[in-house]
Amino acid sequence: MISKTFFKETKELFREGRVRISLIIVLLLLGVSVWISTRQFQNVNAQYAMAKTSERDVWDNQGEKNPHSAAHYGTYAFKPKYPLSLVDQGVDKYAGTSIFLEAHKRNEAQFSAAADQTGLARFGDLTPDFILLFILPLLIILLGYNSFTKEREMGTLTLLKSQGVSNWKWLLGKWSALFMPVLIITLTLFLIAGILLDNLQDFGVFNWNSLGVMFLVYMVYYAVFINIILLISSLVKKSGIALVASLCIWILACLAAPKAASNIAENKYPYPTRQEFAANVLQDKKEGLDGHDPWSKEAKQLEKQVLQEYGVDSLHQLPFNFNAYRMQKGEEHEAEIYFKHYNYLKEQYSNQSNIYRSLASISPYLPTRFLSMAIAHTDYDTHWDFADAAETYRIATQEFLNGNTAKNTQYGERGYKASADFWKQLPAFQYDPPELGSVLNRNTSNMVVLATWLFATFGLLFFTTKTL
Amino acid sequence: MLSYNFKYELTLLLRSRWIQLLSLILVLLFGFSTYNGLKKVETRQDSIIKAKDEVKESDAMMLKLLDSVERGMEVSASSWTIPSSPMAVGNYHPRVAAMEQQPMSFIATGQADLFTHYVKPTVSGDDASLNFTEMTSPVQLLFGSFDLAFVIIYLLPLLIVAFSYNVLSSEKESGSLRLLASQPIGLQHWVLQKLVLRFFWLSLLVLVSLTLVFLVLGLDPFGEPTTFFGLVGLILVYMLFWFALSFLVNIWVGSSAKNAVALLGLWVLFVLLVPSILNQLGNSLYPMPSRNLMINEMRTMKAEVTEKQNEILDNFLRDHPEYALNDTTQSRGFYHRYMASQNLVKEKMAPILDSYEGQLQNQQNWIGKFKWLSPAILVQESLNRMAGTSKENYENYRKQVVAFAGEWRQHFMPFLYNNKDFSQLDYPNIPEFNYEPKAQNSWVSIPPLLLIALGLFGLGFLGSTMRRTHSIIMDS
């Protein structure tokens with residue numbers, strides 16, 4: 001009976017013009033979006049590789065220079081694009097792509113793509129994730145809104161009841177008929193994406209497991225939508241009303257809830273403005289050790305402490321250059337201040353995340369969006385990860401440079417220059433995004449919410465259709 | 001017939017509780033979105049005021065310090081921050097260059113969540129490193145804001161679709177169409193009258209609920225009558241466009257469900273697909289040069305310049321003999337060399353930075369040509385302009401700031417190269433930034449939108465007279 005219903009429904013769907021047209025449109029859109037994304041992906045990564053090597057050249061060929069001058073001259077960390085961003089662009093467009101690493105200062109990632117685009121960019125892009133998250137649920141609505149209402153309207157419901165079919169078999173048939181086209185479309189997309197990515201040799205971290213898990217996430221998302229649409233169709237009497245009600249759910253889940261969530265989150269847990277943030281950091285810096293300022297109270301205290309520790313009574317007797325040592329201590333102190341202030345941002349963001357999570361109870365879109373971005377390494381967490389890695393590297397670089405001065409000069413000595421080939425000894429910046437396992441670990445709450453959606457809607461559907 | 005139609009339509013709408021439901025939804029949507037917008041504007045304005053107050057305070061401190069220095073007293077500040085040095089004033093006492101909020105800023109977030117609303121340019125900073133982006137969680141940027149513009153552009157059309165998709169088809173389905181056919185009125189006239197009436201009621205509801213929400217939230221809608229009526233006018237013609245589409249679909253398509261699907265398809269097309277495809281095409285046709293590669297070029301240039309600092313300073317002084325003449329000491333330090341080379345970097349970077357502006361302008365022009373394809377784009381553009389939050393507004397602000405940064409730098413150059421101390425007497429002369437908003441014409445997109453809507457109505461009329469009315473009735 002399940003298979004009979006399935007074949008009947010499928011046949012019916014494919015005979016209808018609107019279904020054929022909308023399927024063709026969806027496939028066309030997907031094709032275009034994959035093509036555009038692939039081009040963009042290759043483009044960005046080629047630029048990334050070029051920028052990275054060229055930046056390293058600039059650093060290596062600084063010539064003879066004082067290490068601290070080099071520290072001020074600084075270097076850049078560039079953020080690559082990860083393979084699965086081909087499927088889900090996530091927040092990539094809105095997050096900066098390069099971080100300037102210099103002495104005394106932790107800088108934020110700069111130059112997001114969105115800032116260089118016109119106002120039209122805010123309508124969204126034609127990318128695979130747009131189709132997967134917005135258009136496919138609409139397709140499900142289009143295919144399924146009249147699944148049960150048509151039986152009522154055509155009067156076939158009574159006929160069916162007289163057949164003695166158990167409702168759940170009948171339901172399962174209808175369910176799988178709705179699921180099949182969506183499954184085929186998504187599977188095709190993911191297979192094409194996988195093959196494309198597998199053939200791009202240079203950009204290593206792609207693995208099929210991540211793609212598979214992402215595919216599963218979307219399958220659950222669609223299952224939830226199918227459940228909701230069938231539920232509405234079984235509860236409502238007329239097709240028109242079922243359609244309008246389903247659309248309302250779609251608007252609420254995919255359009256209204258995320259925007260409302262973002263507003264509520266911002267009202268409750270605001271970020272400081274860029275200038276406020278800078279002012280707060282400056283305030284804290286003033287109160288602590290400044291590596292450039294030997295006359296401050298903190299510097300004098302450090303001096304006393306070091307003299308005591310080494311059991312000598314003048315800075316000249318220390319086995320290293322105290323100026324460089326103080327510079328490094330100042331650097332460490334400033335790094336701590338930045339750590340504190342960036343941690344505040346992170347805290348605000350994790351509070352905001354809680355709001356997104358609580359609003360996920362009215363929108364299955366939210367957990368799906370977050371999970372998909374996380375697996376694709378295009379979420380905000382990965383961006384933080386990258387920024388933190390860059391900061392760790394910055395601190396290590398400062399230590400490397402100050403250490404060189406401390407070792408090679410005497411206290412009070414001026415005009416020291418490190419040799420031209422010294423710069424090559426600095427290890428290159430290396431960042432690997434978190435593995436799939438830890439990504440999923442970090443997102444357990446989103447998975448739980450999505451799973452709850454799945455089982456709750458299945459349960460509801462099962463019980464309401466028991467008595468049809 | 002019109003008066004009958006009017007009377008029965010109203011009774012019908014009231015009895016079916018459409019009017020009550022719509023009023024409630026509209027008040028809720030307008031209320032929530034306006035509140036959100038106001039909140040954001042308030043935060044922005046507050047941060048600007050706070051920044052200006054801080055500058056006032058630090059200025060008072062600076063004057064005190066200057067006073068002590070001028071009287072020859074010992075001061076307890078780090079040597080490089082003492083304000084008798086012009087570079088210390090230029091670097092540690094910058095002015096706030098703020099983009100003041102416009103009276104209608106709350107209606108559209110536009111690019112406001114992406115860009116900052118004040119910066120403090122310093123003498124030694126270069127224009128390329130002035131960061132104009134705001135510190136926002138990218139998740140928020142991704143989801144966007146629930147502002148009035150969102151309600152108008154995205155949700156209002158959907159309300160119209162729900163309100164009008166089955167005007168004709170429900171008569172067909174309930175069997176009353178044959179009854180109607182016996183009345184002395186053409187079918188398309190009848191549908192048109194019904195839709196015009198619904199348009200009238202919805203407009204009235206929109207106007208009333210918008211005014212109500214504005215008043216409750218403490219805004220004076222009639223304080224700026226041209227902008228307020230510009231906004232209302234824009235909403236009405238946009239609504240008219242969707243009613244016109246609904247008219248076409250009602251006459252040409254069949255059952256209620258098919259109508260709804262067709263209208264929804266049009267919504268997806270106009271609101272979601274056309275804008276994103278246009279944007280994508282604009283980006284591919286006029287791609288922005290890579291910012292990362294720009295960084296490389298800037299770095300190489302700076303490295304070259306640093307090596308030749310002395311030479312650059314000599315050339316600079318040759319070009320500016322006024323500096324070399326007036327100074328008796330002729331002493332040259334770090335800042336003399338630095339500022340001269342900064343000048344050179346700025347000149348050399350100009351073409352690279354211009355290429356971004358040029359490409360952005362190309363994209364803008366390209367969109368300007370094709371924006372007529374989707375009224376949603378027209379409305380978004382107009383709302384952003386009305387709010388003063390469009391890309392152009394921020395570009396305009398950025399240019400004003402860059403010009404001001406130049407003025408700020410230039411102001412201190414004579415001090416620096418003449419080795420003249422900054423004194424209390426010089427304080428009143430330091431430049432201030434005044435933001436000049438671009439003049440906006442809030443009525444400009446209304447006529448074309450109106451024409452599009454009327455054109456669609458006309459099309460529906462012509463088409464339906466050709467396709468004999470009786471066939472619609474016989475179909476049922």
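# A guided tour of two chains and the cavities in the model

Begin by selecting Thr118(A), Gly119(A) and Leu120(A), then add Gln364(B), Ile367(B), Ile377(B), Gln380(B), Glu381(B), Asn384(B), Ser390(B), Lys391(B) and Glu392(B): these residues line the second largest cavity. The model in the viewer is predicted. The second largest cavity holds about 120 Å³ of space. Its lining consists of three nonpolar, six polar and three charged residues.

Next, colour three helices of chain B: α14 (334–370), α15 (375–387) and α16 (391–417). Each of them contributes at least two residues to this lining. Which helix gives the largest share? It is α15(B), with four residues.

**Gln117(A)**

Now select Gln117(A), which belongs to the loop between β3 (105–106) and α4 (128–144) of chain A. Is this residue buried or exposed? Gln117(A) is buried, because its relative accessible area is 10%, and buried means under 20%.

Display the residues around it. Leaving aside residues up to four places away in sequence, Gln117(A) touches Lys93(A) in chain A, and Gln111(B), Asn279(B), Asn283(B), Leu360(B), Gln363(B) and Lys391(B) in chain B. Lys391(B) was also selected at the start, as part of the lining of the second largest cavity. To examine the contact within chain A, draw a distance between the C-alpha atoms of Gln117(A) and Lys93(A): the separation is 9.9 Å, although the two residues are 24 residues apart along the chain.

**The largest cavity**

The model has seven cavities of 30 Å³ or more, and the largest has a volume of about 310 Å³. To find it, select Gly96(A), Glu108(A), Ala109(A), His383(A) and Thr136(B), which lie nearest its centre among the 25 lining residues. Two elements give two or more residues to this lining: α14 (380–408) of chain A and α4 (138–143) of chain B. The largest share, four residues, comes from α14(A). By class, the lining has 13 nonpolar, seven polar and five charged residues.

**The interface as a whole**

Finally, show both chains together. The contact involves 81 residues from chain A and 76 residues from chain B. About 7,100 Å² is buried between the chains, and carbon and sulfur atoms give 64% of that area. On the chain B side, select Met135(B), Phe143(B) and Arg299(B): these residues lose the most area to chain A, together 13% of what that side buries.

How many salt bridges cross the interface of chain B and chain A? There are three. For a last view, select Asp113(B) and Arg122(A), whose side chains meet in a salt bridge with an N to O distance of 2.9 Å.

Terms used
Residues are numbered from 1 along each chain as its sequence is written. Chains are lettered from A and ligands numbered from 1 in the order in which they are written. This is a predicted model: local features need pLDDT of at least 70, side-chain atom pairs count only at pLDDT 80 or more; totals for chains, interfaces and linings use all residues. Side-chain values use heavy atoms; hydrogens and water are left out. Buried means under 20% relative accessible area, exposed over 50%, partly exposed in between (1.4 Å probe, protein chains only). Contact means heavy atoms within 4.5 Å. On a 1 Å grid over the protein atoms alone, a cavity is a set of points where a 1.4 Å probe fits but cannot get out, and a pocket is an open set with protein on both sides within 12 Å along at least five of seven lines; lining residues have an atom within 4 Å of a point. Grid points are joined across faces, edges and corners, and a volume is the space filled by probe spheres set on the points. Ala, Val, Leu, Ile, Met, Phe, Trp, Tyr, Cys and Pro count as nonpolar, Asp, Glu, Lys and Arg as charged, and the others, Gly among them, as polar. Buried area is the accessible area (1.4 Å probe) that two parts lose on being put together, summed over both. A salt bridge is a side-chain nitrogen of Lys or Arg within 4 Å of a carboxyl oxygen of Asp or Glu.
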